[in-house]
Amino acid sequence: MPHQSITVAGVEVFPLCDAVGPMGDSIRRPLPEMFPGGCHGEPDEWVLHFHCYLLRDAAGRTVLVDTGIGPENSPAASWAPVPGVLGDELARVGVAPEKVDAVVITHLHSDHAGGAVIDGSPAFPNARYVLQRAEVDAAAEEVLDHVIRPLGERLQVVDGHSDVLPGIRALLAPGHTPGHQVVQVGDLVLTGDVVLHPVQLSDPRVTYLYDDDPELAATTRAELLDRVRAERGTIATAHFAEPFTRIL
């Protein structure tokens, strides 16, 4: 059953489920290795839900947060359950690719940026694609070839916090990757991979095997959750089974 939208500060937020499944054998590890120090229980296999989000403001302008795992030949194919169904999910909420005004890519890992470019062209041809400069500067050559260079003039590189649309902000949140960013709307934060697994809610110090800088990621996570908790706000996660989690 499709996830339901919520409205925050006048912006409707649609969760889009691009795929569900475990990691492929190439990078899969037992949960205690993926999240050392976390209290996991059973089962030991991590089944990921790959969420993107569509934001629509009162003026009808749209912002897509992350582009999912992409088609069968995307870079995510080595480990994720391709193809993703982001296009179908957007159609479900009545938004064609050419009607997306802006795309915020939280970071350049293939499950978040794999659908940004398809067959060498921007998948959302009229959108500007917002990325942090630190993320672009740290990108590997294959990522530059597959994502950055094909975007051409559609790429908008920002340094630190930036307004995407009035009331919709991209905030630098490094650690998982050098230029990871989150998106804030009112008291809702779309966390990307700052928070990957529920064990990190009870203990933000629990790191993740594939964090670029685990210590910085833990600091970023703790600060973000403290801020959201102080506002009695909500997070929208990329990989939890349920997209929205109230932080109390």
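This is a guided tour of the structure, to be followed with the viewer open. Keep in mind throughout that the model is predicted.

**The sheet**

Begin by showing strands, and look for an open sheet of seven strands whose order is β1-β2-β3-β4-β5-β8-β9, with mixed pairing. Select β1 (6-8) and β9 (155-158) next: these two stand at the edges of the sheet and each has a single partner strand, so one side of each is left without a neighbour there. If you look across the sheet, the twist from one strand to the next averages 30 degrees.

Within this sheet, select residues 102-104, which make up β5, together with residues 128-132, which make up β8; the two strands run parallel, and three bridges join them. For a single point of reference between them, pick V103 and find Y129 of β8 standing opposite.

**An aromatic pair and a ring cluster**

Now show the aromatic side chains, among which the structure holds six aromatic pairs. One of them is formed by F50 and W79, whose ring centres are 6.0 Å apart and whose planes make an angle of 55 degrees, a tilted arrangement. F50 belongs to strand β3 (residues 47-56), whereas W79 sits in the loop between β4 and α2, so the pair ties together parts that are 29 residues apart in sequence. Are these two residues buried or exposed? Both F50 and W79 are buried.

Add F35, W46, Y208 and Y210 to the selection, and you will have a cluster that is linked by ring pairs.

**Two pockets**

Rolling a probe the size of a water molecule over the atoms shows where empty space is left. The largest pocket has a volume of about 290 Å³, and to find its centre you can select L108, H109, S110, A140 and V143, which are the closest to that centre of the 16 residues in the lining. Which helix gives the most to the lining of this largest pocket? That helix is α5, with four residues, and if you display residues 141-151 for α5 and 110-113 for α3, you have two helices that each supply at least two residues of the lining. Coloured by class, the lining of the largest pocket shows nine nonpolar, five polar and two charged residues.

Move on to the second largest pocket, in which about 240 Å³ of space lies. Its lining is made of 15 residues, and those nearest its centre are I27, W79, H109, D111 and Y210. By class, the lining of the second largest pocket divides into eight nonpolar, five polar and two charged residues. Two residues here have already been met on this tour: W79 as a member of the tilted pair, and Y210 as a member of the ring cluster.

**Backbone details**

The last stops concern the backbone. Most residues other than glycine have a negative phi, and most peptide bonds are trans. With that in mind, select V82 and P83, between which the peptide bond is cis, with omega near 0 degrees; P83 is found in the loop between β4 (62-65) and α2 (86-92).

Then go to A9, which is not a glycine and yet has a positive phi of about 50 degrees. A9 is found in the loop between β1 and β2 (11-22), and this residue is exposed, with a relative accessible area of 64%. Finish at R232, a residue other than glycine whose phi is also positive, near 50 degrees, and which has its place in the loop between α7 (214-230) and β14 (234-237).

Conventions
Residues numbered from 1 in each chain as written. Predicted model: local features only at pLDDT ≥ 70, side-chain atom pairs only at ≥ 80, totals over all residues. Heavy atoms only, no water. Pairing = 2+ DSSP bridges. Axes fitted to C-alpha atoms, helices over the stretch in contact; angles between N-to-C directions. 1 Å grid on protein atoms, 1.4 Å probe; cavity = no way out; pocket = protein on both sides within 12 Å on 5 of 7 lines; lining within 4 Å. Points joined across faces, edges and corners; volume = space filled by probe spheres on them. Nonpolar A, V, L, I, M, F, W, Y, C, P; charged D, E, K, R; others polar. Buried < 20%, exposed > 50% of the residue type's maximum accessible area, 1.4 Å probe, protein only. Phe/Tyr/Trp six-rings, centres within 6.5 Å; stacked < 30°, edge-to-face > 60°.
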